[in-house]
Amino acid sequence: MAEAPIAVCIIAHAHPAFTKGGGEMAAFREFTTLRAAGHRAILVAAAEMGPAVPGGRLLRHGPDEHLYDPYGMTEDRLFWSDLAAREALLALLVAQPVQVFHIHHLWRVGLDLVAALMEARPDARFVLTLHEMLAICAHHGQMIRTRGRELCHASAPALCANCFPERTPRHFALRRATWLTLLNRFDGAIYPSDFLRRRFRDWGFAAREETVLENFLGEELAAAPRAPAEPGLGQHFAFFGQPTPFKGLDVLIRGFALALAREPGLFLSLHGCEREEVLRLFPALEAALEAAGPAIFFAGRYDAGDVLGLMRLSGWVVVPSIWWENSPVVIQEARRAGVPLIVSDIGGMAEKVRPGLDGLHFRRGNAPDLARVLLAAAAPGRQEALAASQADSIGREEFLARLLPALAGAAGG
Amino acid sequence: MSGVYALDGYVDTAEHGDGVTLLGGWVRLPEAGLPSARLRLTTPGGVSQDWPLTRLLARRDLPAEGEVPAGRGFQLLVRGLPDWTEGALAVVHAGGEILLHPPAVNPAPFRPRGHLDGADGKEAWGWLVHAPGTEAVIEMEGMGRLPVRCDIHRADLPFDDGSPLPAFGFHLHFAGTALANGRGPRRVALRAAGVKLGEVVVEGQAAIAGAPAGAEAGGRANSRITGLLAEAAPLPEPPPAAPPAEPPQLVLHACRAVGGGHLLLAGRVEWTEDGGEPSLRLLPASPAQSLVLFDEPDELAGLAPGRTCRGFLLVAARPGGTEPPMLEWVAGGQAGRQPLPGEAHGPTPDAVLHQAGWGGVFHLLREAAGGGAASALLAPQLGPAGAFTRWLAGVPWLEPADFPRVEAWAAPSGECAMAFTLDPAIGPDTRLTLLALLPEGGRVRPLPMAQSPALTSETMLLAHGLLPQLTELPAPPFELLMEMRHAGEAQWFRVSPRSLPAPLLLAALHRHAALPEGPELGETLAWLHDLLAAREESFAAMLIGAPPPLPAARPLLLALHGLDDAEAVRLLAMAAPAIEARADAVLLLGPREFTEPGLEIFLPRGRIAAHGGAGLAALRGPLRRGLDPAGGLLILDMLELAAALEREEAFQPRLPLSALPLLEQIATVAGLPDAADAVARLAAATGAGLPPPGFGAQDSAAARLVATHLHGFWRGLAPLFQPEAADG
């Protein structure tokens with residue numbers, strides 16, 4: 001903790017009272033953790049609050065907690081089209097008695113808003129947490145090709161235009177210049193993973209101050225005791241997450257079906273999704289699901305507060321995403337829960353799960369390789385061994401000890 | 001790029017003998033040099049003498065071209081020079097010396113020149129340039145000789161002898177001679193130094209005040225005097241047994257006062273067919289007149305065998321002086337005079353033109369467009385196009401149905417092009433004459449088009465024209481009036497050409513040439529090559545000017561191009577503070593959908609001046625709105641801007657702000673009507689930007705030729721924008 005309390009205005013693209021994405025959760029947990037540590041933290045977050053109002057809408061949501069609606073933004077939510085709404089929000093932000101503005105995401109915040117705020121508050125420091133790669137990739141920042149699900153390893157205007165044939169390479173060069181022009185004005189950047197930091201460096205952005213700092217899971221989860229693994233769960237695998245095209249559920253179900261054919265005692269529970277949703281997204285999986293029968297269990301939605309307990313009902317948490325996953329919360333939660341992980345061997349997943357210590361890797365998108373790893377994981381004693389060596393998620397003290405210098409400007413390189 | 005005018009002056013007459021020297025030619029001399037101009041002759045033998053040039057007359061064939069002054073002609077007769085066989089001529093003036101071409105002149109023997117304009121029972125008149133020591137006489141056949149004494153100053157003659165009112169005209173009275181007593185027809189001839197210079201058959205007492213048909217005197221037709229220097233050659237001897245011709249007749253339909261103290265005369269001349277053309281003029285002689293002749297097929301059909309006729313339209317300044325004005329005509333070797341019937345005789349001027357032969361009116365309009373005496377007919381009180389208004393309204397608009405296919409284009413560079421796909425029956429002999437009609441403050445200003453030879457095939461005609469008198473670009477949109485002659489017939493049309501940028505107009509031409517009915521490729525390329533060379537010379541002469549001054553560091557105008565994407569506007573929003581810290585004004589160039597949001601960024605902030613637009617007119621904004629032209633200009637593409645800001649570079653002017661008007665002109669001639677395109681090309685040409693934009697696909701040799709020609713303008717004229725290069 002820094003010697004003197006600091007005053008920080010945290011600007012977030014969303015509020016967890018409305019949605020529970022990783023970015024807004026991280027912003028909100030920073031807000032509450034700083035306040036709990038005696039610092040002045042003010043949260044200004046975007047939230048859809050009823051019908052759109054010309055000129056925008058600002059709402060005090062709680063002490064030092066404000067909401068704004070992002071309806072007045074352009075379709076891609078990167079700039080403001082309703083300048084009155086932007087000016088109203090700007091006025092609110094400019095008036096905040098803080099030394100630091102910490103921005104989580106520029107999506108739904110607005111590059112132009114931040115540029116205007118920088119001009120209006122030249123006395124303040126500006127720090128940005130880059131949770132994702134939207135600056136680099138127009139495909140939702142995922143760096144995955146639009147046609148097929150091929151990974152993209154580096155952006156280039158010609159490659160980007162190949163993904164978006166209706167746009168020119170020049171468009172993407174201008175897009176990069178736009179982002180860089182603003183990013184270069186920040187005093188510091190925080191990356192939840194070194195993978196992200198390297199991607200931005202490869203892209204051409206080197207912040208004046210860089211900090212790699214894992215998201216904090218929050219006081220409640222951090223305070224939960226880390227229980228030892230339940231015995232006999234080595235053949236029980238679990239998935240936590242939404243059924244999206246990039247989460248790799250199809251790879252997991254195919255891989256699990258292959259492994260099940262070899263080892264009938266295996267069991268897979270899927271949390272956060274229903275069978276119908278999965279089949280809507282991947283109709284071809286029906287045969288595999290039929291073959292697996294009761295060995296695959298759809299557990300449906302779950303409450304975020306229950307996640308540690310749910311994870312501990314399984315021996316392994318599988319993260320089979322076919323995209324990079326910059327810094328998945330599920331991995332942090334599994335490490336907090338003490339449940340070893342089986343993850344794709346790319347991006348933030350590969351970085352956060354040390355193979356042989358925190359879990360196991362399989363070849364991204366490769367169901368047979370996943371089956372091989374599932375069978376290896378199911379071997380007697382394997383799960384217990386890795387559970388014992390698995391690292392915990394970042395704790396509150398360490399988080400603050402690294403966050404405060406990043407905000408205050410003493411983080412160094 | 002080479003200039004058009006390699007010569008500033010030329011000697012076309014050098015004669016010496018019998019104690020006189022005649023030196024003639026032309027010189028392009030600045031207006032300021034006129035009062036002090038002197039002609040200097042230097043010979044290897046040590047002679048160096050000069051004489052004042054007080055009669056430097058404008059030559060319509062040598063008009064001013066932009067900065068290049070008009071050519072002026074001289075014909076100087078000097079006396080008393082020692083014999084010389086070689087010499088150099090120059091025109092010296094207060095501002096310097098202009099050497100005339102060729103650099104070494106070898107004089108021919110002097111020969112007299114002159115003309116017997118007319119004779120009747122009482123007098124003979126004409127002009128003569130001869131050596132004073134030689135014999136000059138009027139010979140009256142069988143009656144004797146009278147010495148000619150030149151004592152009349154004639155303003156219509158170009159000759160000069162250094163005196164304030166050079167006298168080369170004569171008017172001899174036969175009082176006391178047998179000829180004056182009217183005894184029978186006589187031949188009257190002008191002879192000098194043994195050379196017959198003119199002859200008139202006098203048939204009896206003059207009936208000058210009689211009916212129009214009374215053509216009493218004949219004579220050799222002189223050139224029309226409309227500003228060009230005219231020179232008469234010695235008259236060949238007439239055939240010995242030529243039967244006397246039936247006298248010519250003149251019918252004067254109208255004599256009307258028009259603007260500027262001018263008269264319009266219209267009528268018809270009938271004479272015995274001799275293969276020649278009639279000439280007419282007002283007396284006392286007017287310094288300039290416009291005369292057009294035209295066919296009168298209906299009248300011709302009613303004439304006796306061997307007789308012919310031509311309609312005429314004549315515009316000339318109303319003669320001054322106390323003598324009653326007369327109309328003199330010469331046709332079929334005979335001349336006549338007729339006093340004018342007053343200035344309100346016949347139909348009104350617009351009705352005269354409406355009723356006259358269209359070929360005559362068309363060419364009279366060309367005379368008017370060229371600044372001849374006929375321009376008096378354009379007086380605004382007579383209508384938007386002066387007295388031509390009514391006639392123009394009756395000229396049909398060209399419709400595609402008139403030909404299998406017609407295309408007409410015009411460019412802001414003052415060019416036009418036409419492509420006709422012709423009926424094979426019309427054939428390849430078609431000739432096209434173009435005249436531009438420019439709207440100008442509610443009036444119509446006709447301008448002649450300088451036309452390159454047309455490219456023709458059996459069934460296609462491609463024509464290109466240029467407004468040679470243009471001094472400012474872009475030219476306003478204009479209509480075309482055309483005369484199309486083929487198979488001995490003529491048609492007249494108006495057409496409203498489709499507006500195209502100059503590169504697309506050239507592309508349209510060569511793409512039409514490539515159609516199956518077009519000429520073969522080699523012919524097309526040769527034609528195109530010549531056309532482009534002429535085009536380059538014409539425009540280069542207009543565009544080349546003094547090198548610009550070194551730009552000051554401030555004020556600095558940042559011209560941003562490549563503003564062609566919404567993302568570029570976003571970049572601008574992010575970069576605005578950095579731009580404001582480095583430049584005093586910004587010029588945003590691109591489509592309106594992007595420049596307007598760009599201006600929305602800068603204008604509300606109010607920290608620097610912001611201008612923008614898409615068309616070439618956008619280049620005028622900064623200077624028109626008060627930016628000091630002594631400042632500098634920096635041109636950057638939006639991506640170059642981003643790179644410069646990333647490197648945290650300061651902005652340095654690369655070009656003078658005063659070059660912006662020239663840039664607009666070059667873009668009009670060799671670019672697109674797109675200011676962003678223009679600055680991008682300029683940046684490339686001056687080595688400061690990305691590679692230049694192309695001119696579309698080069699899918700043929702003709703397309704490559706045109707693209708090379710257009711790129712050549714930018715490369716060739718780039719030094720004009722760079723003071724360093726210009727100084728070097």
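**Reading an interface and a sheet**

Reader: Hello! Before we start, what kind of model is this?

Author: Welcome! This is a predicted model. Let's begin where the two chains meet.

Reader: How many salt bridges are there between chain A and chain B?

Author: There are 5 between these chains. To find one, look for a side-chain nitrogen of Lys or Arg within 4 Å of a carboxyl oxygen of Asp or Glu. A:Asp76 and B:Arg570 make such a pair, with their closest N and O atoms 2.7 Å apart.

Reader: Which elements give two or more residues to the side of chain A that touches chain B?

Author: Those are helix 3 (111-120) and helix 5 (169-183) of chain A. Helix 5 brings the largest share, 10 residues. Sorted by class, this side of chain A has 9 nonpolar, 7 polar and 6 charged residues.

Reader: How much area do chain A and chain B bury between them?

Author: About 1600 Å², with 57% of it on carbon and sulfur atoms. On the chain A side, A:Glu119, A:Arg170 and A:Leu174 supply 35% of the area buried against chain B, more than any other three residues.

Reader: Now the sheet, please. How do strands of a sheet pair?

Author: Strands pair through backbone hydrogen bonds, either parallel or antiparallel. In chain B, an open sheet of 4 strands runs in the order 4-3-7-8, with antiparallel pairing. Strand 4 (48-52) and strand 8 (96-99) are its edges, each pairing on one side only. From one strand to the next, the twist averages 25 degrees.

Reader: Which residue stands opposite B:Trp51?

Author: B:Leu39 does. For the wider setting, strand 3 (residues 38-42) and strand 4 of chain B pair in the antiparallel sense over 5 bridges.

Note on methods:
Residues numbered from 1 in each chain as written. Chains lettered and ligands numbered in written order. Predicted model: local features only at pLDDT ≥ 70, side-chain atom pairs only at ≥ 80, totals over all residues. Heavy atoms only, no water. Buried area = accessible area lost by both parts, 1.4 Å probe. Nonpolar A, V, L, I, M, F, W, Y, C, P; charged D, E, K, R; others polar. Pairing = 2+ DSSP bridges. Axes fitted to C-alpha atoms, helices over the stretch in contact; angles between N-to-C directions.
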